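Reader: I keep meeting labels for residues and bonds, and I'd like to see the reasoning behind them. Can we go through some together?
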Amino acid sequence: MTQQIILATLLIGVLTGRSTACINPQVTSKSFTTQDATIVAHIGFISEFQVTCSSGAVSSLYAELQDHSIVPVAVVGDNIFQVSWTEDSKTAKKGQYNIRIFDEEGYAAIRKALRASEPISSVPEFFTVTINHSGAYNGPWLRSEFVAVIISLLVSYFAISTKAKIVS
């Protein structure tokens, strides 16, 4: 009898755990990237997304970044999550960054794949978030000091040549 109660409790726990998993996630996201790299050394990438499920709840989430590192996703609010990282401004490329998001089951599959020396790309993601980086402004091609020196040299040349024509 005791074994049957323990088995029933375990079965209920497993079924309850499975029923609370997020099914059919709908994701809305917004993102931000640093646009001006004249005064910063690193470009910041931030993606904030809201996840709504047709049934169940969202568990802990993990993100695979561009360098294939796995980082935990921060919980910002009720079903609102955020992932962020920085890259050197000289190596950050403009374009779309696809961030693969995994739930706890996916993260466990990633850890298993890493232990077996398999590629992470073989693990299916929970969903994907896209960040569009339009590039960062690195300043003008010519510095204003250089332009001022060139203009002053040209003005000096014309002044000296005009004076030489007048005096002679």
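Reader: Why is Thr34 called buried?

Author: This is a predicted model, and in it Thr34 has a relative accessibility of 17%. Buried means under 20%, so Thr34 makes the cut.

Reader: Where does Thr34 lie?

Author: Look in the loop between strand S1 (26-33) and strand S2 (42-52). Setting aside neighbours within four places in sequence, Thr34 is in contact with Val40, His42, Ile43, Gly44, His133, Gly135 and Ala136.

Reader: What makes the pair of Thr34 and Gly44 a polar contact?

Author: The side chain of Thr34 reaches the backbone nitrogen of Gly44 at 2.9 Å. The cut-off for a pair of N or O atoms is within 3.5 Å, so this pair fits.

Reader: How do you know that Cys22 and Cys53 form a disulfide?

Author: Check the sulfurs: S to S is 1.8 Å. A disulfide needs them within 2.5 Å, so the pair qualifies. The structure holds one disulfide.

Reader: Which parts of the chain does that pair link?

Author: Distant ones: Cys22 sits in the loop between helix H1 (2-19) and S1, while Cys53 sits in the loop between S2 and strand S3 (62-64), 31 residues apart. The link of Cys22 and Cys53 is left-handed, with -105° about the S-S bond.

Reader: Why is Cys22 called buried, but Cys53 partly exposed?

Author: Cys22 has a relative accessible area of 11%, and buried means under 20%, so Cys22 is buried. Cys53 comes in at 23%. Exposed means over 50%, with partly exposed in between, so Cys53 counts as partly exposed.

Methods
Residues are numbered from 1 along each chain as its sequence is written. This is a predicted model: local features need pLDDT of at least 70, side-chain atom pairs count only at pLDDT 80 or more; totals for chains, interfaces and linings use all residues. Side-chain values use heavy atoms; hydrogens and water are left out. Helices (H or I, at least four residues) and strands (E, at least two) are DSSP runs, numbered from the N terminus. Buried means under 20% relative accessible area, exposed over 50%, partly exposed in between (1.4 Å probe, protein chains only). A polar contact is a pair of N or O atoms within 3.5 Å; within protein, one must be able to donate a hydrogen and the other to accept it, and residues adjacent in sequence count only if both atoms are side-chain atoms. Contact means heavy atoms within 4.5 Å.
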